[in-house]
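Trainee: Please take me closely through one part of this model, and set out how it sits among its neighbours.

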Amino acid sequence: MMLNVFDDHTDLSFQAARIICDQIKAKPDSVICFASGETPLSAYSLFTTLMMAEQIDYEHFTLIGLDEWVGVPPENHGSCAWFLRTNVINPLNLLPGQYRLFDGMTSDLPGECVAMDEFISERGGLDLIVVGIGMNGHIGFNEPGVSPDLYSHVIELDEITSTVGQKYFKEETRLTKGITLGISHLREAKTAMLLASGERKAPIMKATLEGEISMEVPATIMREHPNGLVLIDQKAASLLTARE
Ligand code: PGA
């Protein structure tokens with residue numbers, strides 16, 4: 001795993017955008033998983049701008065949505081689907097066959113998990129997975145205590161996730177379950193990139209990078225990834241021992 005500490009969120013976002021662009025440049029049919037959230041927002045905007053400015057061929061790449069709130073429709077602005085459509089899919093005009101997002105409204109959630117896993121494996125697996133980190137160390141909705149052996153699954157949300165998740169919604173929304181790619185997807189992705197920014201992420205980044213590797217902090221799995229990239233800013237790095 002490689003740790004890169006940037007001066008601020010802008011520098012971090014430029015580097016993350018560059019890495020995603022270079023992945024598609026090097027392998028136009030890349031399969032890339034995109035997280036939702038505040039942290040990658042600027043990186044995605046820079047990514048779509050760079051792709052067009054540099055005229056990189058993106059007709060053959062496939063986008064995978066990392067997760068979704070169960071029971072939240074895609075037209076809700078707090079949904080992960082809405083986030084990815086607004087910030088990546090629509091700006092790049094991706095074709096319907098070029099992306100796969102979880103349907104959090106389906107009556108067949110187990111079937112949805114199987115369909116997602118098949119979609120990814122039929123395309124040769126993930127080349128790159130871009131993830132954020134929750135205040136409790138979750139990746140996607142892989143909450144503390146999750147099995148590291150899972151692929152797509154439905155999970156009860158941690159109280160921290162349900163509470164912090166309200167920030168994405170205009171109105172208070174009942175968030176109880178999530179549907180998410182699993183830790184096995186992250187482990188098997190050729191490259192895994194975790195982004196974290198700001199002081200509020202400093203304690204969990206310390207636990208992630210300096211604590212015991214354990215599913216009590218799912219993000220610690222990044223340390224075992226042979227091609228793991230952790231991009232954080234100075235504020236998120238402020239509690240790391242090596243930087244004191
Ligand atoms: P954030 O979310 O980027 O909005 O902080 C991260 C996460 O919960 O994975």
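Mentor: What follows is a close look at strand β2. The model is predicted, with local features requiring pLDDT of at least 70 and side-chain atom pairs counted only at pLDDT 80 or more, while totals for chains, interfaces and linings use all residues. Residues are numbered from 1 along each chain as its sequence is written, and side-chain values use heavy atoms, without hydrogens or water.

Strand β2 covers residues 31–34 (strands are DSSP runs of E with at least two residues, helices runs of H or I with at least four, numbered from the N terminus). In a regular strand the side chains alternate between the two faces of the sheet. In β2 both of these faces are covered, with Val31 and Cys33 buried on one side and Ile32 and Phe34 buried on the other (buried means under 20% relative accessible area with a 1.4 Å probe, protein chains only).

Along its edges, β2 pairs with two strands (pairing requires at least two DSSP bridges): with β3, residues 62–65, it runs parallel over four bridges, and with β6, residues 128–131, it is also parallel, joined by three bridges. Particular residues fix these contacts in the sequence, since on the β3 side Phe34 stands opposite Gly65, whereas on the β6 side Cys33 has Ile129 as its bridge partner. Phe34 and Cys33, both buried, thus also take part in the pairing on either side.

From β2 the chain passes through helix α2, residues 41–53, on its way to β3, and this β-α-β crossover is right-handed (the path from first strand over helix to second runs clockwise when the strands point away from the viewer).

Key:
Buried means under 20% relative accessible area, exposed over 50%, partly exposed in between (1.4 Å probe, protein chains only).
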